[in-house]
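I opened this model to look up its fold, its nonpolar core and one polar side chain, and I kept the entries short.

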Amino acid sequence: MKTKVTLLALAWLASGVAFAANTTTAPTAPPARVAPGPDMDRLALLLDLDSYQKTEVEKILKEQHEQMRSNFEAARASGTRPSRDEMKAKREESKQELHTKLSSVLNETQMKKFDALRERGPGPGRGHGKRDWGSKDNSSPKSSGN
């Protein structure tokens, strides 16, 4: 009986030590969230891109994404927060730069389709779609009237 109690006490002590050792290690950082890029196969289909255009558009979009990420990291490192007007101006500048780069690869019809896709937003279910909050129809969330 004494041996069983001793073994039970040792097992309990060993599990406590193992548990304590496991919780004293530094927690791992969660993986960085990376925004998904455009679905190039879908974009190629919608814009009727050939293989050359597809690779060039993908390269241009990746460059723009990296530029935006580096601008964000630089602003974050500086510790200052830009004003809304500064952020809007930066977005417009980035949009115009992207348009210029893409116009050297895409034809006029493809550019019109690309602009229409951009105006629509990134897609349903992501919460970034454009919404007319000022409309008076019943489908608007603001016009519930209750």
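The entries below go from the whole chain to single residues.

**Ground rules.** I am reading a predicted model, in which local features need pLDDT of at least 70 and side-chain atom pairs count only at pLDDT 80 or more, while totals for chains, interfaces and linings use all residues. Residues are numbered from 1 along each chain as its sequence is written, and side-chain values use heavy atoms, with hydrogens and water left out.

**Fold.** I find 5 helices and 0 strands in the protein chain, where helices (H or I, at least four residues) and strands (E, at least two) are DSSP runs numbered from the N terminus. Of its 146 residues, 14% count as buried, meaning under 20% relative accessible area with a 1.4 Å probe, protein chains only.

**Core.** I looked up the largest nonpolar core, a set of buried Ala, Val, Leu, Ile, Met, Phe, Trp, Tyr and Cys residues joined through side-chain atoms within 4.5 Å; among its 14 residues, V57, L61, L102 and L106 touch the most other members. Helix 2 (40–47), helix 3 (51–78), helix 4 (84–103) and helix 5 (108–120) each give two or more residues to this core, and the largest share, 4 residues, comes from helix 2.

**Q110.** I then turned to Q110 in helix 5, which is buried at a relative accessible area of 6%. Its side chain makes a polar contact with the side chain of Q53 (2.9 Å), that is, a pair of N or O atoms within 3.5 Å, one able to donate a hydrogen and the other to accept it, where residues adjacent in sequence count only if both atoms are side-chain atoms. A polar atom of the Q110 side chain also lies 3.0 Å from the backbone oxygen of D48.

Conventions
Buried < 20%, exposed > 50% of the residue type's maximum accessible area, 1.4 Å probe, protein only.
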